[in-house]
Amino acid sequence: MAKILIIGAGGVGSVVAHKCAQAAKETGVFEWITLASRTLSRCTDVARSVKARVGVDIDTAQVDADNVPELCQLIRQVKPDLVCNLALPYQDLHIMDACLECGVHYLDTANYEPLDTAKFEYKWQWAYADRFREAGLTALLGSGFDPGVTNVFAAWALKHELDEVHVLDIIDCNAGDHGQPFATNFNPEINIREVTAPGRYWERGEWVETDPLAWSMNYDFPDGIGSKKCYLMYHEELESLVRNLTGIRRARFWMTFSDNYLNHLKVLGNVGMTRIDPVRFQGQEIVPIQFLSALLPDPSSLGPLTKGKTCIGDVMRGVKDGREKTVYVYNICDHEACYAEVGSQAISYTTGVPAMIGAKMIAEGKWRRPGVWNMEQFDPDPFMADLNVYGLPWQCVEVK
Ligand code: NDP
C-alpha cells in the first residue's frame, strides 16, 4: 500500500487520478491519493469527478512545482511514497530535486526540456542516477504511451518474440476527429515544440537528421482504421531504446497528421507564432508559442468532441530461432469509450493509464530499484498484464 502525490491536474493528470482511484478501490495498492497543481480549482474539479465516477475521495492541494522549497513543504505534509509528475517537462528537474530531498520515489511521462530550447534529451535526468541510487530511490522516466508503453512493447517483443531485434519502427496513429479547426491533443506548447523540431532516426550506429516532417510513408492500420500518412519525427524514447536494445540497427518514430493540422501549423510557423524565444510586444516580452497556446482549445475540453480511434504500436524486425521474423505489437483505443469512462479523450487516457501502472509497479515493488530508469529496463510482463486489466489491451501479430 502506497500513498501517491500526483502533480499536474491537466488532461493526463486527471486520467491518472481516476485510474489510481480505480486501482485503489480494486486492489488497495494506493492507500491515499493527493492531486496537486498550480491551479487548485482544476484539482477540485477532478476530485469531484473521481468521487462521482469511482466513488473514491482524493485530497487536493495547490503547488508551484518550479518552487522546490514549496514542493518539499507539500511532500512533507502529504508524506507520499511516490510522486507522479504530470505537470510539464520544464518541471521535471525541480520535482526530482524535491523527491531526493524528501526521500520519495519519482515517475514522469516526458523528458526534461529547457524552456528556451526545444531539446528532447535524457542527459539532464540520467545525470541524477547516482543520487537516486545512493538515496535508495527509484525514478521511472517516460511512463506514458510514447514514451512508455512503446518502450515496454519493445522489451516484451525482445523477451518473448525475437532473439535479436534489428529494426524498430514506432508508429503513432491518431485517427480521431475533434471537429475543431486546429487543436492539439495534449499541451499545445509541448506538442508544437515536438512536431516542429527536426526529424531524427538511428541507423548503423549514428543519428541521421532530417528537416521537420520531411519524410513520410503510408501505413495500413488494423481494426478498420485503414491507410494513413505517417511522418518521421524524433521522439525521446528512441534515445534510450537504441542504448538498451542491444543489436538494434535502425530505429525510427512515425506519427500521423491530417493535412488540415499540417496546413495550420505551416501558416502559424510562417508568421512566427510557433517561436519559443521572447519578442517585445507593447512594452512587454511575450513568447509567441505561449500566447498561441493560451488561444487554442484546452486539450481536456476535446474529450466530449473527439470521435474515432488511436492505434499506437511497434513494428519490430529481427531473428527468432535463426529465421527472420517481424512482429507488430499495438493497442487500439477509442476516444468516445475513454470519455465515457473517465471524461477524457484517448490521448490523455493512453498516457494516464501507463502512468498509473508505472506507479503501481513501483508501489508493488515489482519495478522498484534504486537509480534512474527507462521503461524497457524492467521486466515487461507485469506491466503488459496490467495494460490488459486497466483499459489498454494489446495485440501481437506476426507480419509476413
Ligand atoms: P496539460 O497542459 O493539460 O496539464 C499540465 C498541468 O500541469 C496543468 O494542470 C498545469 O497547471 C500543471 N502545471 C504546469 N506548470 C506547473 C507548475 N509549475 N506547478 C504545478 N503545476 C503545473 O498537459 P497534459 O496533461 O496534456 O500533459 C501532461 C504531461 O504529459 C506533459 O509533460 C506532456 O508532455 C506529457 N505527455 C506524455 C505523453 C506520453 O505518451 N508519454 C503523451 C501526452 C502528454 P495549470 O492548470 O495551472 O496550467
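This is a conversation between a colleague and a modeller about how to read one predicted model.

Colleague: What should I know about the model before I start?

Modeller: It is a predicted model, where local features need pLDDT of at least 70 and side-chain atom pairs count only at pLDDT 80 or more, while totals for chains, interfaces and linings use all residues. Residues are numbered from 1 along each chain as its sequence is written, and side-chain values use heavy atoms, with hydrogens and water left out.

Colleague: Into which domains is the protein divided?

Modeller: Domain bounds come from an automatic or database domain assignment. Here domain 1 covers 2-144 + 354-365 + 370-374, and domain 2 covers 149-342. Their C-alpha centres lie 23 Å apart. Contact means heavy atoms within 4.5 Å, and 26 residues of domain 1 are in contact with 22 residues of domain 2.

Colleague: Where does the ligand lie with respect to domain 1 and domain 2?

Modeller: The ligand lies between domain 1 and domain 2, because both give residues to the shell around it. A residue is near a molecule if one of its heavy atoms lies within 4 Å of it. Of the 28 residues around the ligand, those that come nearest are Val12, Arg38, Thr39, Ala65 and Asn187.

Colleague: How many residues of each class does the shell around the ligand have?

Modeller: The classes work like this: Ala, Val, Leu, Ile, Met, Phe, Trp, Tyr, Cys and Pro count as nonpolar, Asp, Glu, Lys and Arg as charged, and the others, Gly among them, as polar. The shell here has 13 nonpolar, 10 polar and 5 charged residues.

Colleague: Which residues have a polar atom close to an oxygen atom of the ligand, and at what distances?

Modeller: A polar contact is a pair of N or O atoms within 3.5 Å; within protein, one must be able to donate a hydrogen and the other to accept it, and residues adjacent in sequence count only if both atoms are side-chain atoms. In the side chain of Thr39, an N or O atom is 2.4 Å from an oxygen atom of the ligand. For Asn187, a polar side-chain atom lies 2.7 Å from a ligand oxygen. With Gly11 a polar backbone atom takes part, 3.1 Å from an oxygen atom of the ligand. As for cover, the ligand has 930 Å² of accessible area on its own, and the protein covers 92% of that. Such areas come from the Shrake-Rupley method with a 1.4 Å probe; for residues, only the protein chains shown count as cover.

Colleague: Asn187 is also in contact with Leu88. Is Leu88 buried, exposed or partly exposed?

Modeller: Buried means under 20% relative accessible area, exposed over 50%, and partly exposed in between (1.4 Å probe, protein chains only). Leu88 is partly exposed, because its relative accessible area is 24%. To place it, remember that helices (H or I, at least four residues) and strands (E, at least two) are DSSP runs, numbered from the N terminus. Leu88 sits in the loop between strand E4 (82-85) and helix H4 (92-102). Leaving aside neighbours within four places in sequence, Leu88 is in contact with Asn187 and Ile190.

Colleague: Where is His105 found, and is His105 buried or exposed?

Modeller: His105 is found in strand E5 (residues 105-108). With a relative accessible area of 13%, His105 is buried. A polar atom of its side chain lies 3.0 Å from the backbone nitrogen of Thr138. Beyond four places in sequence, the contacts of His105 include Asp81, Cys99, Ile362 and Arg368.

Colleague: What joins the side chains of Glu161 and Lys325?

Modeller: A polar contact of 2.8 Å joins them. Glu161 is in the loop between helix H7 (149-160) and strand E7 (164-174).

Colleague: Which backbone features should I look at?

Modeller: Most residues other than glycine have a negative phi, and most peptide bonds are trans. In this model, a cis peptide bond joins Asp146 and Pro147, with omega about 10°. Pro147 has its place in the loop between strand E6 (138-141) and H7. Leu213 has a positive phi, near 55°, and is in the loop between strand E9 (206-210) and strand E10 (216-221). Phi of Asp321 is also positive, near 50°. Asp321 lies in the loop between strand E15 (309-320) and strand E16 (323-334), and is exposed, with a relative accessible area of 67%.
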